[in-house]
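I set out to look up two matters in this entry: the largest pocket and the packing of two helices. My notes follow in the order in which I consulted the structure.

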Amino acid sequence: MNEKKESIEIVDFDEGFAADFARLNYEWIEKYFSVERHDREILDHPQEYIIERGGRIFMAVADGNAVGTAALIPAGDGVLELTKMGVSPEFRGRGIANHLMQACVEHARRSGTRTVFLESSRKLSPAITLYRKFGFVETPTDPNSEYARADIRMELAIESGNM
């Protein structure tokens, strides 16, 4: 049996990906946690809560199917929040999260961002390992977090310079 090697492409979000963006995130949130109000706002209205606010959503696509996603939302002057990152279970372990993270970090550098932060849960140890691999360091949690599940906050200082 010949196994076809699919190619993964990282593309920008468009409305055609709205259902996939929601599906990919509801999938992991429902598996490990309870879906919260802020999850629904973002996942059910990505155009309003991310794109129209100057944010960006990246989609990982394999053979025309969305298999992963990550979003960046402006959170102040020179600050972006990395959020809603997920990879379809059958595509995990193939480096897709690395490609999504690389796209997010490159976008942050190009856009003049100074800091990217994220909120997560220690329960998601593969995700925490990925964030550390990309240089994120733990910072104090936000007592006003929108997420009850958030028990870790991490930041990445973006190097300035000519790229």
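I first fixed the term: a pocket here is an open set of grid points where a 1.4 Å probe fits, with protein on both sides within 12 Å along at least five of seven lines. I also noted that the model is predicted.

Entry 1, the pocket. I looked up the volume and found about 690 Å³ of space in the largest pocket. I then listed the lining, which comprises 30 residues; Met85, Gly86, Leu124, Ala127 and Tyr131 are the closest to the centre. I asked which element supplies the largest share of this lining. I found that strand E4 does, with seven residues. H1, E4, helix H4 (96–110), strand E5 (115–120) and helix H5 (125–133) each supply at least two residues. By class, I recorded 16 nonpolar, seven polar and seven charged residues in the lining.

Entry 2, the helix pair. I took helix H1 (residues 18–32) and helix H2 (residues 37–44), whose axes lie 9 Å apart at an angle of about 160 degrees. Angles over 145 degrees count as roughly antiparallel, and I therefore describe H1 and H2 as roughly antiparallel to each other. On the H1 side, Phe21, Ala22, Asn25, Tyr26 and Ile29 make the contact; on the H2 side, Asp39, Arg40, Ile42, Leu43 and Asp44 do. I counted this contact by class as six nonpolar, one polar and three charged residues.

Entry 3, burial in H2. I found His38, Asp39, Glu41, Ile42 and Leu43 to be the buried residues of H2. These buried residues pack against H1, helix H3 (46–49), strand E3 (65–74) and strand E4 (79–87).

Note on methods: Residues are numbered from 1 along each chain as its sequence is written. This is a predicted model: local features need pLDDT of at least 70, side-chain atom pairs count only at pLDDT 80 or more; totals for chains, interfaces and linings use all residues. Side-chain values use heavy atoms; hydrogens and water are left out. Axes are lines fitted to C-alpha atoms, for helices over the stretch in contact, and angles run from 0 to 180 degrees between N-to-C directions. Helices (H or I, at least four residues) and strands (E, at least two) are DSSP runs, numbered from the N terminus. Angles under 35 degrees count as roughly parallel, over 145 as roughly antiparallel, 65 to 115 as roughly perpendicular and the rest as oblique. Contact means heavy atoms within 4.5 Å. Ala, Val, Leu, Ile, Met, Phe, Trp, Tyr, Cys and Pro count as nonpolar, Asp, Glu, Lys and Arg as charged, and the others, Gly among them, as polar. Buried means under 20% relative accessible area, exposed over 50%, partly exposed in between (1.4 Å probe, protein chains only). On a 1 Å grid over the protein atoms alone, a cavity is a set of points where a 1.4 Å probe fits but cannot get out, and a pocket is an open set with protein on both sides within 12 Å along at least five of seven lines; lining residues have an atom within 4 Å of a point. Grid points are joined across faces, edges and corners, and a volume is the space filled by probe spheres set on the points.
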